[in-house]
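Student: Before we use any labels for this model, I would like to ask what justifies each of them. Please show it first.

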There are 2 protein chains.
Amino acid sequence: MANFQKLTSRGEDYSKWYNELVVKADLAEQSAVRGCMVIKPYGYAIWETIQSELDRRFKEQGVKNAYFPLLIPKSFLSREAEHVEGFAKECAIVTHHRLKNDPEGKGVVVDPDARLEEELIIRPTSETIIWSTYKNWISSYRDLPILCNQWCNVMRWEMRTRLFLRTAEFLWQEGHTAHATQEEAEDYARTMLDVYADFAERVMAIPVLKGVKSPNERFAGALNTYCIEAMMQDGKALQAGTSHFLGQNFAKSFDVQYLTKENKFEYVWATSWGVSTRLMGALIMTHSDDNGLVLPPHLAPTQVVMVPIFRNPEQLNAILDKFNTLASELKAMGIRVKIDASDKATPGFKFAEYELKGVPVRIAMGGRDLENGTVEVARRDTLTKETIAMDGIADYLKSLLEEIQNNIYKKALDFRTAKTREVDTYEEFKEEIKKGGFLLCHWDGTPETEERIKAETKATIRCIPTESFPGYKEEAGKCILTGKPSNKRVVFAIAY
Amino acid sequence: MANFQKLTSRGEDYSKWYNELVVKADLAEQSAVRGCMVIKPYGYAIWETIQSELDRRFKEQGVKNAYFPLLIPKSFLSREAEHVEGFAKECAIVTHHRLKNDPEGKGVVVDPDARLEEELIIRPTSETIIWSTYKNWISSYRDLPILCNQWCNVMRWEMRTRLFLRTAEFLWQEGHTAHATQEEAEDYARTMLDVYADFAERVMAIPVLKGVKSPNERFAGALNTYCIEAMMQDGKALQAGTSHFLGQNFAKSFDVQYLTKENKFEYVWATSWGVSTRLMGALIMTHSDDNGLVLPPHLAPTQVVMVPIFRNPEQLNAILDKFNTLASELKAMGIRVKIDASDKATPGFKFAEYELKGVPVRIAMGGRDLENGTVEVARRDTLTKETIAMDGIADYLKSLLEEIQNNIYKKALDFRTAKTREVDTYEEFKEEIKKGGFLLCHWDGTPETEERIKAETKATIRCIPTESFPGYKEEAGKCILTGKPSNKRVVFAIAY
């Protein structure tokens, strides 16, 4: 049962609002294990739709799913020098493989005789174990490309965790591809970024900027990291997906060469790309309001909920007849419907629950509606209600769901556009960054400048745009900090 | 590329045949981590179909998916006394959460300062962490039942591993339900066994016996374990799925009580049920032959493959025209089709590859066929070929796939029936068990008798049947070992 104590408002405390909402809307909760979450059925149902929508799009790009081991030998992590710097430090380490009864009392203790020869790391990401495998799969150009993805859990021992946004264990997909040429690999990395952007905008209704990361923000071991960046309602940036061009780094570390058509040996070119349950955090923070979740219809586990309001069993049955007919019609159109005739709660309680849970459309029918052949249709996104004739309502609802999907996308885009502005001096930057949003600034391209700005303001370069977007025009200028020349503005923001 | 060195035959060395087949058919392989497998794209595609078929059936039973933590605090395992005895011993134990650069050289070492206060175990199964969670979800009868399932990886530190059959890490689903009454919980455990049995027989084409485990073979912590048992081609038994009635054991260990309608507190009743990637092993060993995999059409990633045989590009194009038309027609019928016009291999090489990979139907078309408006249709199950007119062939193929599905089920059932026989004396038992198969015997119901038979013959009671099956009739008799009375025969076999 959801908890109906009033949600903290976003204005009052944005961070508290988020934490409360995740729990009250039955999406996820903390577990008994530090930093690891339980994803509850309602939250998982949304994640399943995210998975199936992405999986279909991956397969259209020729991707096949596979599964690689959870554990990685410690020595593998040191094989790619930059990679170990970026990843190896905070992780879960398996050192033993047996428990025994505690000789001094009850319970069990680690058996010291069962120490592993080499420690195993729970995967923080799988480049190393996968490239050690690809070595055996690749010998000739005939074996390329390899386009694999896995849906799995990964672990990074984060010190400060927040549900969905930063957890020690999280669920994700990681794609790992192997190509004969640099050009093909780079194209593929960009193609997968396009897949992510298209998914984020059309399915999640989250507008995203496409770009590349500055060297400071690149994935450990990548030559180039493509990313999509979203803006949350508190004006902070959230990286929603990344696609890496890894060059030949992992192929060299694991000695993966192939015989070309010209009978020469060459190292293989690689990409990797991933999105995670962090997307759930982005979803919540982009659309939801002080009344609870707002879900885009394309992701909502229930798109239309129907609640009868009745005085007696005869009236209930008459209403349910109408609801059942409509529900069949909607299901045949592919719409996810629920009729809530449960006697465990009042209509008012149900209304509040479905509002909290972000069901896009709520239909109520009472005695008067029954007489008039109407229903009350409530939209979650605008919180408006209308009385609509039952006649032809299925088509009406179908287009209403699309309208809601478009409306919440547009609302998020308008918000982002309003919070995106050009800033030309460092003085102004230091003031403006406090207000949140994306600051479009010239930058001299050096890590030193980026680091100093980060140290002084906490802002980082979220991306160097590769496509235009509302509020952005490509133009040369001078770095806000050093005055050195810059050929285009980059996007600065405080990030999650 | 598949490896076409001839497969060891089943007669020559059954175990070697299996190991070779799994690798040559590109299903799975050993990884760099002891006992952990890589599931390759072709094997994973079969697993994905298994998942989606089961998932749909679970949801029809009201089940919702969720996700619980990978790691379990060590102390949780000791909470349910029998459970820790059955499970805790061989497992992967996380003791540290940080690596650091090796002060004495290159690479990384475990940071001794980052020792966990309490060790964490990689889940061997999740009853304990889930019941610690359910405690917070359940307070009243209104919260019941809870019907959750998770698809995840689990780990048991097996000493001797075999791909799919017994691996340290494997993939599975585990359902965990909470009920208000004993009756409801027991019914649900049986319902899920029915779901498994129906799935095994209709989708995997594997005949299974339904029954309950003897106390010796029960799940650690269960009051009753329902199971489905299959027979492999070497006459050994393989447990293909289990569903446990857990009574109130876990509710008591984690103090999960609910307020009844009568305002009393009572402990909650539980079930758990699971199947794993072990089903892949059962699939391979039930149907495949000395030429390679035989896949039931309902699970085959490619159900119909089309191979052109051509002398020149014009002929190829003419054949591809016909293939493309047919492929569209088949896809519209929901049939998974592949056209292999690749120039990387000869038709003969392709035929061998698709045979090895168990594609149910292969279609070849050459110049003569083109003139005659025919194709050659080859069945993988019977290895027979026929020349068929292209006219009306889509419908023919659709029913052929169903015929193949039924045929391989019937073949497996006939095999099992032939290898199932009644045995009435222990002398005969000791001889017969060497020949493999299921022995239907009277047993006095004591663990001592079962243990002595196991010690002397390696045979165990696979199940106490709860339903009749070909070759079985319910009748009273005397225990083969002790001569004590028995009210029905049980199934003995050597098991995987």
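Tutor: Domain bounds here come from an automatic or database domain assignment. On that basis, chain A is divided into domain 1 (28-66 + 124-287), domain 2 (304-415) and domain 3 (420-493). The model is predicted.

Student: What makes domain 1 and domain 3 of chain A touch, and how many residues does each give to the contact?

Tutor: Two residues are in contact if their C-beta atoms, placed from the backbone, lie within 7 Å. The domain centres, taken over C-alpha atoms, are 26 Å apart. By contacts, domain 1 of chain A contributes 16 residues and domain 3 of chain A contributes 18 residues. On the domain 1 side, strand 10 (209-212) and strand 11 (224-231) of chain A are the elements giving two or more residues. Strand 10 of chain A has the largest share there, 4 residues. That side of domain 1 of chain A divides into 6 nonpolar, 4 polar and 6 charged residues.

Student: Why are helix 9 and helix 12 of chain A called oblique to each other?

Tutor: Angles under 35 degrees count as roughly parallel, over 145 as roughly antiparallel, 65 to 115 as roughly perpendicular and the rest as oblique. Helix 9 (residues 313-332) and helix 12 (residues 393-418) of chain A pack at about 50°, with axes 10 Å apart. That angle falls in none of the named ranges, so the two helices of chain A are oblique. Their crossing is right-handed.

Student: Which residues make that contact, and how do they divide by class?

Tutor: Helix 9 of chain A supplies A:Leu326, A:Glu329 and A:Leu330, while helix 12 of chain A supplies A:Ile393, A:Ala394 and A:Leu397. By class there are 5 nonpolar, no polar and 1 charged residues.

Student: What makes strand 17 and strand 20 of chain A edge strands?

Tutor: The open sheet of chain A has 5 strands in the order 17-16-18-19-20, with mixed pairing. Strand 17 (337-339) and strand 20 (385-389) of chain A each pair on one side only, and this is what an edge strand is here. Neighbouring strands of the sheet are turned by 25° against each other on average, direction ignored.

Student: How do you know that strand 16 and strand 18 of chain A pair?

Tutor: Two strands pair if DSSP finds at least two bridges between them. Strand 16 (residues 304-308) and strand 18 (residues 361-365) of chain A have 5 bridges, in the parallel sense, so the criterion is met. One of the bridges joins A:Val305 to A:Arg362.

Student: How does helix 9 of chain A run relative to strand 16 of chain A?

Tutor: Helix 9 of chain A lies across strand 16, strand 17 and strand 18 of chain A, at about 170° to strand 16. An angle over 145 degrees counts as roughly antiparallel, so that word applies to helix 9 and strand 16 of chain A.

Student: What pairing is found between strand 5 of chain A and strand 5 of chain B?

Tutor: Strand 5 (residues 90-101) of chain A and strand 5 of chain B pair in the antiparallel sense over 5 bridges. At least two are required, so this counts as pairing. A:His96 stands opposite B:Ile93. The contact between the chains takes 55 residues from chain B and 55 residues from chain A. On the chain B side, strand 5 (residues 90-101) has the largest share, 10 residues. That side of chain B divides into 31 nonpolar, 11 polar and 13 charged residues.

Conventions
Residues are numbered from 1 along each chain as its sequence is written. Chains are lettered from A and ligands numbered from 1 in the order in which they are written. This is a predicted model: local features need pLDDT of at least 70, side-chain atom pairs count only at pLDDT 80 or more; totals for chains, interfaces and linings use all residues. Ala, Val, Leu, Ile, Met, Phe, Trp, Tyr, Cys and Pro count as nonpolar, Asp, Glu, Lys and Arg as charged, and the others, Gly among them, as polar. Axes are lines fitted to C-alpha atoms, for helices over the stretch in contact, and angles run from 0 to 180 degrees between N-to-C directions. A crossing is left-handed if the near helix is turned anticlockwise from the far one by less than a right angle, and right-handed if clockwise.
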